[in-house]
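Here is a note for someone opening this structure for the first time. Have a look at it, then come back to the points below.

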2 protein chains.
Amino acid sequence: MLKFNEQKKIDSINGALALRKNIETIVDDIHSEGFKNVCWFGIGGTYASAMQAVVHMKEKTSLEVFYESAAEYLTTGNKRIAEGTIVIISSVTGSTEEMVDGVKKAQKAGAKVLGFIDIADTNLAKMMDYLVSYPENEQLKFFMTADRFMYKSGEFDDYEDKYAEYDKHLAKALVEVEKDADSFAECFAKEHNNDEIHYFVGAGNQYGATYSYAMCYWEEQHWIKTKSIHSAEFFHGMFEIVVRDTPVTVYVTEDSQRELSLRVARFLPQICANYTVIDTKDYDLSGISDKYRGGISPLVIHAVNNRIDVHIEKLNCHPMDIRRYYRQLDY
Amino acid sequence: MLKFNEQKKIDSINGALALRKNIETIVDDIHSEGFKNVCWFGIGGTYASAMQAVVHMKEKTSLEVFYESAAEYLTTGNKRIAEGTIVIISSVTGSTEEMVDGVKKAQKAGAKVLGFIDIADTNLAKMMDYLVSYPENEQLKFFMTADRFMYKSGEFDDYEDKYAEYDKHLAKALVEVEKDADSFAECFAKEHNNDEIHYFVGAGNQYGATYSYAMCYWEEQHWIKTKSIHSAEFFHGMFEIVVRDTPVTVYVTEDSQRELSLRVARFLPQICANYTVIDTKDYDLSGISDKYRGGISPLVIHAVNNRIDVHIEKLNCHPMDIRRYYRQLDY
């Protein structure tokens, strides 16, 4: 398989899962000290991950939990971020200006910041009240943190049981998804690598990823136009431009909003002959109980998308690390 | 001027402003009874208006204020909507299924619902705990309600002063925008009525309207492809697909996020020769003080967009009330 190092992926996921003890210590400390609300905070891709953490939590929690864009916080502000707020961020390089300034402002307002910063030796990492430093697996880190908050609030009785399964089976299950998806992904890439524009539709804990996959992968890294839309919003305007040959991909998850995406998948054949449904249910996820599958739907779809990316990159002779403008020009 | 009835528009806006006494009575009653949080609730276009109300309030308020999609609420739920929640909705026909079911669910959870329902004689209208029935002007109704909540919370000292200006000058100011914008709008329509795809960029209290103008007008009513993006997010991926001929329109408002859109407007000339900046500052708004201009930026841009729509409709020989699928098919 092209660009696929199975052992490296397994180690990466298992390493992320092993952060759980560390995360538990942090969240349990926060819980003992008391807190008022939780703010998932980001920009671009990390903003999208923040959206997903909030949807994930809303399924169960009564806590006040929200997401905030760093850029909007720096301009409009948010008075709910104050003494007692736990701000949670993720950053690879630690160098995104809005994130550094946003963290400063939140701390000045009295918030404490828990950061997943891939590189520990950065100014942003040093600013954290609570730091976890480990590469990649952003969404999994966020979900582990979210789940611990809910467990401590008495809203997640089977937390231990779920993570016992994940610890044992998740890494292997996800690399199997990549292997199972590879031939589909190659066909899909051949069908769509030349699309003028591609539509991505998703909901629930996959909506943020639908937004960021379209923007941060196809637009930013493949230079292919996209539009992403929430499955429920699809019927409130956007679908009017879909005709026979419009390329549309619907992500169907197994979380609480599955039905919203299935509705799109059921409707499309009436008006479109160029649609694809990517349903997490089609993947085995051996060892993971039905009730815990929904919580990892974005990781499953991420695994499928990884394979699509590798094939599009090759077909288009366009290395994904080239940027026209991002960090190339002043703006 | 094509399809322009000045007096009718003035009467419509003044009629909406005259709802203020009614809105004040309702909000003051809610305030005396006590409430826990405020949820702006919608789907499609009304979801977008809900986003705008939240940004508008975040500039000043410490209240817990959030927006919720009706479809997401019906699937994922939201435990913050409970006893003490004031849910605020807007609906023209009162017939959108998700809104009817969402209101039922919120009321069952203990929330009270304040509805702006254009047609009073609908089941949805009859379900309201507090009803205001008057056609159109959705955003203005929302802003008036938001402002009264903030005034009652001691967060809006110059409320009376601002509305004294609006009552006296807003209607006239907005029709003057339409008149001032008409020749620009005609040129813009001639440049862009045939676009393969058009990009709309906006922020702040205009972001929701940027999202819904792209989706509910160009896609739904003109059948032209679009993508909308928040001005801050533009630099986090999407801008990589912008080249010389990519049609991009940036909405620049006078609210707290003005600088985020100006940053896009300043950057675009480096990479694009087909961009347009629509800046509310270019419109006179006679009688409205500088400090109250930002609060009505979405109304100003709506007035400009009205003129663009009229010209595109004519040029494309495509009546805006035709739908391919919306309420035509089962879905």
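What follows is a set of numbered points, starting with how the two chains meet and then moving to single residues and salt bridges.

1. First, a word on what you are looking at: this is a predicted model. Please keep that in mind for every distance and percentage in this note.

2. Start with the contact between the two chains. On one side, 62 residues of chain A take part, and they touch 63 residues of chain B. The size of an interface is often given as the accessible area lost when the parts come together. For chain A and chain B that buried area is about 5,700 Å², and carbon and sulfur atoms give 54% of it.

3. Next, the polar side of that interface. Between chain A and chain B there are 37 residue pairs in polar contact, counting pairs with both residues at pLDDT 80 or more. Several elements of chain A give two or more residues to the side that touches chain B, among them helix 3 (45-58), strand 2 (65-69), helix 9 (207-219) and helix 11 (258-267). Strand 7 of chain A gives the most, with five residues. Sorted by class, this side of chain A has 28 nonpolar, 15 polar and 19 charged residues.

4. Side chains of opposite charge can pair when their charged atoms come close. How many salt bridges are there between chain A and chain B? The count is six. For one to click on, try B:Glu219 with A:Lys227, where the side chains meet in a salt bridge at 3.0 Å, N to O.

5. Now the symmetry. Two copies of a chain are related by a rotation about an axis and a shift along it. Here, chain A superposes on chain B after a rotation of 180 degrees with 0.0 Å of shift along the axis, and the RMSD is 0.0 Å. The two copies are therefore related as by a two-fold rotation axis. In chain A, the C-alpha nearest that axis belongs to A:Lys227, at 2.9 Å. Both copies use the same surface, as 100% of the contact residues of chain A recur in chain B. A:Lys227 is worth a second look, since this residue also takes part in the salt bridge with B:Glu219.

6. Take a moment with A:Glu68, which sits in strand 2 of chain A. Is this residue buried or exposed? A:Glu68 counts as buried because its relative accessibility is 2%, and the cut-off for buried is under 20%. Its side chain is joined to that of A:Asn78 by a polar contact of 2.7 Å. Leaving aside residues up to four places away in sequence, A:Glu68 touches residues including A:Trp40, A:Tyr47, A:Tyr73 and A:Ile81, and also B:Lys58 from chain B.

7. Over at chain B, find B:Asn5 in the segment before helix 1 (6-17). With 44% relative accessibility, B:Asn5 counts as partly exposed. A polar atom of its side chain lies 3.1 Å from the backbone nitrogen of B:Lys8. B:Asn5 and B:Val175 are 170 residues apart along the chain, and their C-alpha atoms are separated by 9.4 Å.

8. Back to salt bridges, this time over the whole structure: a search of all chains finds 54. One of them joins the side chains of A:Asp121 and A:Lys126, at 3.4 Å, N to O. A:Asp121 is exposed, with a relative accessible area of 61%, and A:Lys126 is exposed too, at 58%.

9. For a pair inside a helix, go to B:Glu176 and B:Lys179. Both lie in helix 8 (residues 159-192) of chain B, three residues apart, which is about one turn of the helix. The closest N and O atoms of their salt bridge are 3.1 Å apart. B:Glu176 counts as partly exposed at 26% relative accessibility, and B:Lys179 is partly exposed at 30%.

10. Lastly, B:Arg244 and B:Asp245 meet through their side chains in a salt bridge of 3.1 Å, N to O. B:Arg244 counts as exposed at 57% relative accessibility, whereas B:Asp245 counts as partly exposed at 48%. In chain A, salt bridges that share partners join A:Arg20, A:Lys21, A:Glu24, A:Asp28, A:Arg148 and A:Asp167 into one network.

Methods. Residues numbered from 1 in each chain as written. Chains lettered and ligands numbered in written order. Predicted model: local features only at pLDDT ≥ 70, side-chain atom pairs only at ≥ 80, totals over all residues. Heavy atoms only, no water. Helix = DSSP H or I, 4+ residues; strand = E, 2+ residues; numbered from the N terminus. Buried < 20%, exposed > 50% of the residue type's maximum accessible area, 1.4 Å probe, protein only. Polar contact = N/O pair within 3.5 Å; in protein donor to acceptor, adjacent residues only side chain to side chain. Contact = heavy atoms within 4.5 Å. Buried area = accessible area lost by both parts, 1.4 Å probe. Salt bridge = Lys/Arg side-chain N within 4 Å of Asp/Glu carboxyl O. Nonpolar A, V, L, I, M, F, W, Y, C, P; charged D, E, K, R; others polar. Least-squares fit on C-alpha atoms with pLDDT ≥ 70 in both.
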